[in-house]
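Student: I should like to take a close look at a single helix and its surroundings. Could you please describe that part in detail and then place it within the whole?

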Number of protein chains: 2
Amino acid sequence: MGQLIKGKPVADAISAALTKEVEELKVKGIVPKLTIVRVGANGSDLAYERGALKRCQSIGIATEVKELPEDISQDKFIEELKKVNDDKSTHGILVFRPFPKQLSESVIKYVIAPEKDVDCFSPVNVAKVMENDQTGFAPCTPSAVIEILKHYNVPMKGKKAVVIGRSMVVGKPVSMLLLNEHATVTICHSRTENMPAVCSEADVLIVGIGKAKMIDSAYVKEGAAVIDVGINVDEQGNLCGDADTDDCVNKASVITPVPGGVGAVTTSILAKHVVKACKQQNNL
Amino acid sequence: MGQLIKGKPVADAISAALTKEVEELKVKGIVPKLTIVRVGANGSDLAYERGALKRCQSIGIATEVKELPEDISQDKFIEELKKVNDDKSTHGILVFRPFPKQLSESVIKYVIAPEKDVDCFSPVNVAKVMENDQTGFAPCTPSAVIEILKHYNVPMKGKKAVVIGRSMVVGKPVSMLLLNEHATVTICHSRTENMPAVCSEADVLIVGIGKAKMIDSAYVKEGAAVIDVGINVDEQGNLCGDADTDDCVNKASVITPVPGGVGAVTTSILAKHVVKACKQQNNL
């Protein structure tokens, strides 16, 4: 019987360290600031925004929300984003996606200033993730996965890590981050033949496939660490992950719950990236 | 006993198709052109340049070489590269690397026009490789690997592909390209524990680790396809790959030789990318 490993202690540890860093910056007269750019008022954006603002404020990071009308034109949106790029008091920018359909993500991603792009929207940061260039910003969710593994002392170096899912949000970037930790990384997806056999060789199993409770203990090696990145709603209307936690925990050594696992760590990563961006912009 | 699969037939097939495409472009008054930017006169650059020029010329692609002095300053180099970016007659640019030490690759990679960057120097193209954005240009060597597998009808979809090496030149991009072909992809490297066991599960084994004849038949599953990206010199002074071809061929179904394998295909990929860039720039 394995152990549930929660996100909160990880988030708390990151936040405590950041609070000290921010205090030191303030002594130098520098206040890190996050500006959120949101189009419309989508419920899940608002929920994440509340969490992000609360986290940043508790750490001492200044925040601002730029809410733009749902029907904003692309030209106007780009003009507004450039203003945030040019705002010297803003060090980190989070742009909520997906956009309404009049806005082209493939155009706008080239507009955000890469040095302020704290959630890997810019292609410059995508390339830096692949190149293992530490000056860049990996997306918050895959970064949270790595922080959890490190916090709970799960060995990665030389170990077999299997990632289920090849999205740009989770699968591909987390694979690159696991490579940076010197894991041997396998990427599985919908076309993978005999996926349970492939997954059950993993010392570390990262699940990000977007299907409620799809991964049961047949996918889990005895003693493996399982990190569940999924957020789904089950038949009873409750939040659940991509893994069947109750079943997997019988074989895993550790497994993150949903809710209360990876999702609890992402806003601390966001805050961490804002502080990092602030330091870089101040040559610290 | 497996079969040696050579690069020449692959290169010939690509070249034949390109020759037709170039003829059709010329009817429209368009001549695709590659400009090579070379600093100094390094022997291996010159050897590759000769092959690239010969290949392009045989296909009907115009070529130009801009040779710059070994001691050129970074500002002057950037000025010259921008001229090539702005030259409307040039559709594809190949910049030889590594540079002499006064030139910073991490600065210059942001200068090359992404739409003309036919060998994936720009971060924009690195990101497109990761995102599977077909408007971009993957590096020529990993692209050659995929073309060889396709030419010889090696199945990739759902199959286990193992890549040895995690460089930005071969390992990481070829892993992304194999994912695009729907393979289940494992990336191994120097820290991988029990590498022969991991590799000998591969239906498709890509070897790009840079060590002469390191990979013997213990790494090869019976019936696997082996693509050897290495170019090394053995004790006798002969060119050899990262695989011990004579040993591996006993277990592999197919294996590329060195020389005469992947290396024979890269200049055709370069030519293919120049024609693609030319068409994109002419909205064709």
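**Helix α5 of chain B and its setting**

Tutor: Just after helix α5 of chain B, B:Asn132 takes a positive phi of about 55 degrees. This value, like every other one here, comes from a predicted model. At the N-terminal end of α5(B), B:Ser122 acts as the cap, with a side-chain oxygen 3.0 Å from the backbone nitrogen of B:Val124.

Between these two points lies the helix, residues 123-131; eight of its nine residues are buried, so α5(B) is largely enclosed by the rest of the structure. The buried residues are B:Pro123, B:Val124, B:Asn125, B:Val126, B:Ala127, B:Lys128, B:Val129 and B:Met130. Their cover includes α7 (171-180) of chain B, and also α5 (123-131) and α7 of chain A.

One of these covering helices, α7 of chain A, leads on to the sheet. Helix α7(A) lies across β5 (160-164), β6 (184-188) and β7 (204-207) of chain A, together with β6 (184-188) of chain B, and runs at about 170 degrees to β5(A). The open sheet has twelve strands with mixed pairing, and β6(A) is followed by β6(B) in its order. At its edges stand β1 (3-4) of chain A and β1 (3-4) of chain B, each with a single partner strand, so one side of each has no neighbour in the sheet.

Finally, consider how the two chains are related. Chain B is superposed on chain A by a rotation of 180 degrees with 0.0 Å of shift along the axis (RMSD 0.0 Å). The two copies are thus related as by a two-fold rotation axis. The same surface serves both copies, since 100% of the contact residues of chain B recur in chain A.

Terms used: Residues numbered from 1 in each chain as written. Chains lettered and ligands numbered in written order. Predicted model: local features only at pLDDT ≥ 70, side-chain atom pairs only at ≥ 80, totals over all residues. Heavy atoms only, no water. Least-squares fit on C-alpha atoms with pLDDT ≥ 70 in both. Contact = heavy atoms within 4.5 Å. Pairing = 2+ DSSP bridges. Helix = DSSP H or I, 4+ residues; strand = E, 2+ residues; numbered from the N terminus. Axes fitted to C-alpha atoms, helices over the stretch in contact; angles between N-to-C directions. Buried < 20%, exposed > 50% of the residue type's maximum accessible area, 1.4 Å probe, protein only. Polar contact = N/O pair within 3.5 Å; in protein donor to acceptor, adjacent residues only side chain to side chain.
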